[in-house]
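Colleague: I would like a close look at one aromatic side chain and its surroundings. Please start with the residue itself and then work outwards to whatever it is packed against.

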Amino acid sequence: MSKNSILQPNFKLSFLLPKYWLTWLGVFILYSISWLPYRLQLLMGKALGRLLLKLGSSRKRVAQTNLALCFPEMSDKERQELLIKNFENTGIALFETGMGWWWPDWRVKRKCKVIGVEHIENAQQQGKGILLLAMHNLSAEISCRGVGTGHPMVVFYRPHNNQLMEYFQYRGRGRSNKYMLGKRDVKGLIRALHEGEACIYLPDQDYGRNRSLFVPFFAVKETATTTGTLIFARQKNTVTHMIIPTRNEDGSGYTLTIQPQLENFPSDDDRADITLINQELEKAIIQNPAQYMWLHRRFKTRPNESDPSLYK
């Protein structure tokens, strides 16, 4: 499928209306900052993250709840230290959006090291489609570009509600990749796999009860986990790999690791399969938990509809 056959958001004259002026201002600031030295942006991001933490937003409470649910063995002090680091990484992630959307390829390549590309190349030489299971890591924007500069992918994503932001988001994320598919375009992703493409899919959000089973995720024994992943993994001639992005602690850039094919996956047991996915996600997250997106309500869907929310 050619990139031109995918429905892309086009520029509209309505984007010049006053309701978008604040968006334009934000985009201009983010674009300008993206050209600053990399290490300076890291420092600015940490400072912004600590400011967001002090403001005590609802997202702070969500992150605190998630950390308490997932790591009950930690002391309050340990969780607080992890929370601070997580918000610092959240601040950095904002500036990484600018890097991912507007950095030229040469600058992305200089900062991103991709390990395991041979797994994709070997599978495609055999005419197979590749399902790459990623996670909501805070460095996702720059990581998406980093993987794409070495081996362009098809990316399954959630379109932005703000149409102007979606215009920039689509072009930014797709800049070094083949094309983007909205989260409802299941047929499009299946078609891409049948065509032997490498496709990125994120299975670690709460999508509600539809096509979900309740299986363990860290210490939460009943976590709503989508079985939608299996629709793609069970496509004929498709192999599944994990892809793990990491921002290097020394400030040198990013390491993006494509792991070997998941063994004995998928099986004919939905529960066993999605339990395995969560276990693989846990292994990836625990390598650097401060870089995971703890700010989203991963446990909003309860096993019983009458169960109280964990986020109140």
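Is Phe168 buried or exposed, and what is its relative accessible area?

Modeller: Phe168 is buried, with a relative accessible area of 15%. Buried here means under 20% relative accessible area, exposed means over 50%, and partly exposed is in between, using a 1.4 Å probe and protein chains only. This is a predicted model, in which local features need pLDDT of at least 70 and side-chain atom pairs count only at pLDDT 80 or more, while totals for chains, interfaces and linings use all residues. Residues are numbered from 1 along each chain as its sequence is written, and side-chain values use heavy atoms, with hydrogens and water left out.

Now the ring partner. Phe168 forms an edge-to-face aromatic pair with Trp102, at 6.3 Å centre to centre and with 70 degrees between the planes. Rings of Phe, Tyr and Trp (its six-membered ring) pair if their centres lie within 6.5 Å; planes under 30 degrees apart count as stacked, over 60 as edge-to-face and the rest as tilted. Because Trp102 lies in helix H4 (residues 76-102) and Phe168 in helix H8 (residues 163-173), the pair ties together parts that are 66 residues apart in sequence. Helices (H or I, at least four residues) and strands (E, at least two) are DSSP runs, numbered from the N terminus. Trp102 is buried too, at a relative accessible area of 13%. The structure holds 23 aromatic pairs. Both rings belong to one aromatic cluster, whose members include Trp24, Trp35, Trp101 and Tyr167.

Next comes the sheet beneath this helix. H8 packs on the sheet and touches S3 and S4 (contact means heavy atoms within 4.5 Å). The direction of H8 makes about 145 degrees with that of S3; axes are lines fitted to C-alpha atoms, for helices over the stretch in contact, and angles run from 0 to 180 degrees between N-to-C directions. The sheet is open and mixed, with 7 strands in the order S1-S9-S8-S2-S5-S3-S4. Two strands pair if DSSP finds at least two bridges between them. S1 (112-115) and S4 (179-182) are the edge strands, each pairing on one side only. On average, neighbouring strands are turned by 25 degrees against each other, direction ignored.

S3 (residues 154-157) pairs with S5 (residues 198-201) in the parallel sense over 2 bridges, and Val155 stands opposite Ile200 in S5. Ahead of S3 in sequence is another helix, H7 (residues 140-150): 9 of its 11 residues are buried, so H7 is largely enclosed by the rest of the structure. The buried residues of H7 include Glu141, Arg145 and Val147.

For the other end of the sheet, S1 and S9 run parallel and are joined by 4 bridges, with Cys112 opposite Tyr254 in S9. S8 (residues 238-247) pairs with S9 in the antiparallel sense over 5 bridges, and Ile243 has Ile258 of S9 as its bridge partner. S8 and S9 make a hairpin with 6 residues between them, and Gly251 in the turn has a positive phi of about 75 degrees. Side chains alternate along S9 (residues 254-258): Tyr254, Leu256 and Ile258 point to one face and are buried, whereas Thr255 and Thr257 point to the other and are not.
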